[in-house]
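This report introduces a protein model to a reader who is new to structural description. Please look over the sequence and the structure before reading on.

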Amino acid sequence: MENRRHKLLLLPSALFLSLLSCGGGGGDDDSSLLFFLLASGNGACTAEPLFGDQWHLLNSGQSGGTSGEDAGVTGAWDAGYTGSGVTIAIVDDGIDILHEDLRANINTSRNYNYVESSTDLAPHFLYATHGTSVAGVSAADCNGKGVSGVAPDATMVGYNLLLTNSDANNADAMTRNGDIVAVSNNSWGAPDLLGTLNDSLSSSLWRTAILDGINNQRNGKGIIYAWAAGNGQNSTTNRIDNSNYDGQANFRGVMAICAVSNAGKQSSYSERGANLWVCAPSNGGSLGITTTDIRDNYGYTTSDYTDDFGGTSSASPLVAGVVALMLQANPDLTWRDVRYILARTARKVDPTDTDWINNDAGIPVNHKYGFGVVDASAAVTMARTFTSIGGSSTLKSKASNTDSPAAAIPDNDVNGISRTVTVSSSGITDIEWVDIEVTFVHTYAGDLNFVLTSPDGTTAHLSEKHVCTDGTNITATCPFNGTWRFGAARFLDETADGTWTLKVTDGAADDTGTLNSWSVTVYGR
Ligand SMILES: [Ca+2]
Ligand SMILES: [Ca+2]
Ligand SMILES: [Ca+2]
């Protein structure tokens, strides 16, 4: 799954989410001048020269796609929302800040170059292959040239964090410019396609920074973090990764963003997960994503645009752009408000898929799609008149008792073991998130299925039997010995108090293990 991007950048590939494809040419010719429009926003952006290729913004069935399988962006533009006044941090490998379709939207005094400890990203533009395409999805300019971003009047700041990851830098990038940054896009994470529970990047420093971001930044209303869910599912039938095996994508302060194709189906690489929030259109069908590329011969193409960007790396900045539209519509929204609105306005994609359920609060949810595909038009409509559910200061949380069975998990046995814990006197009638901490030992953790059932009877598949790999081949061992925190979004608006049940089964012979202890912590109002 590795591609040439990694070699070009001379980076540890482990720090990147793989894109399933890149390259391909976009149009960038002088004819774009004919379309130059002074107007910004509203319907004018549909006149951008390459808009017709941007099916993720408006899918009319281009190249065999399914009409309507888009993010509902033009409806939000028509209502007057283009991201004006909202700043998005593009936490990536940098941005080509002189690109014709990006430069007007970049606050150059607030960029950050982690290699040189400066605000100057320009000398490193040729390394910004990935970030330049990500930035264009969120907020390419509506200027009569090239493409449009979801939020063409938003402001961006770029950080080249991925050129020099460290725990300290990873944490710093989460709250940098916290006085102006409203939305933080993160199309990166732990390595894909290994099948292991991986918290190599979700250090306590990073988690503390995310909590600072939601609790204190943006004048206390909280930064909204969009996070790529991961590209490591492998295929819809032979799974490897699940988004819940990544300690960043499953953290309660971020929204894990999955990907759907232009046919309105799960992109085969897009990881499942009980932690998924919403999906957004990306590649995986008959078309990739058309966005900005580093100028000239640098980047994925020899032009200034690409028509073949993708992965959850592209889905996440699409949602970040939608959040910018929402915050223009209602700047008072807290981070909790934004998440809630996105969940409640998401579109039920692939509606005949058998994984869809209505949870006990009547909210549709799916392990492939979270709450569905982001719908910008519906989101800004709800945002405009939304009564806040509160920020961090009013978020309640309550932990269950800890159950410590120290019990062997029956090998290759569908019955496994079922255990319960109790949450009581939480005062939480509307769940917003659930953490599940499980302490266990196993010689091949890929054998295990963990299924959590809420007091209201909704199930969440936290871990699913799968193989582990060394990046190429299936490995003989896949040990785990410690505590893993899973996250679950699926219980949104259900009641916290009552009995929570964890069923643990081992689905393959020989390797064995022990469930030592577990508990849940519920967050909500
Ligand atoms: Ca443009
Ligand atoms: Ca190029
Ligand atoms: Ca086994």
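## A buried residue

Asp 447 counts as buried because its relative accessibility is 6%; buried means under 20% relative accessible area, found with a 1.4 Å probe and the protein chains only.

The model is predicted, so local features need pLDDT of at least 70 and side-chain atom pairs 80 or more, while totals for chains, interfaces and linings use all residues. Residues are numbered from 1 along each chain as its sequence is written, and side-chain values use heavy atoms, without hydrogens or water.

## The calcium site

Asp 447 is one of the residues that supply protein donors to the calcium ion (ligand 3). Asp 411, Asp 506, Ala 508 and Asp 511 also take part, and the donors lie 2.1 to 2.5 Å from the ion. For calcium, donors are N, O and S atoms within 3.2 Å of the metal; water is not among the atoms, so a site may look incomplete.

The spacing of the donor residues in sequence is D-x35-D-x58-D-x1-A-x2-D. Asp 447 lies in the loop between β14 (431-442) and β15 (448-453), and Asp 511 in the loop between β18 (498-506) and β19 (513-524), so this pair ties together parts that are 64 residues apart in sequence.

## The whole protein

The protein has 8 helices and 19 strands, which are DSSP runs of H or I with at least four residues and of E with at least two, respectively. Of its 525 residues, 62% are buried. The C-alpha atoms fill a box of roughly 70 × 50 × 45 Å along the principal axes.

Technical notes. Chains are lettered from A and ligands numbered from 1 in the order in which they are written. Donors are N, O and S atoms within 2.8 Å of the metal (3.2 Å for Na, K and Ca); water is not among the atoms, so sites may look incomplete. Buried means under 20% relative accessible area, exposed over 50%, partly exposed in between (1.4 Å probe, protein chains only).
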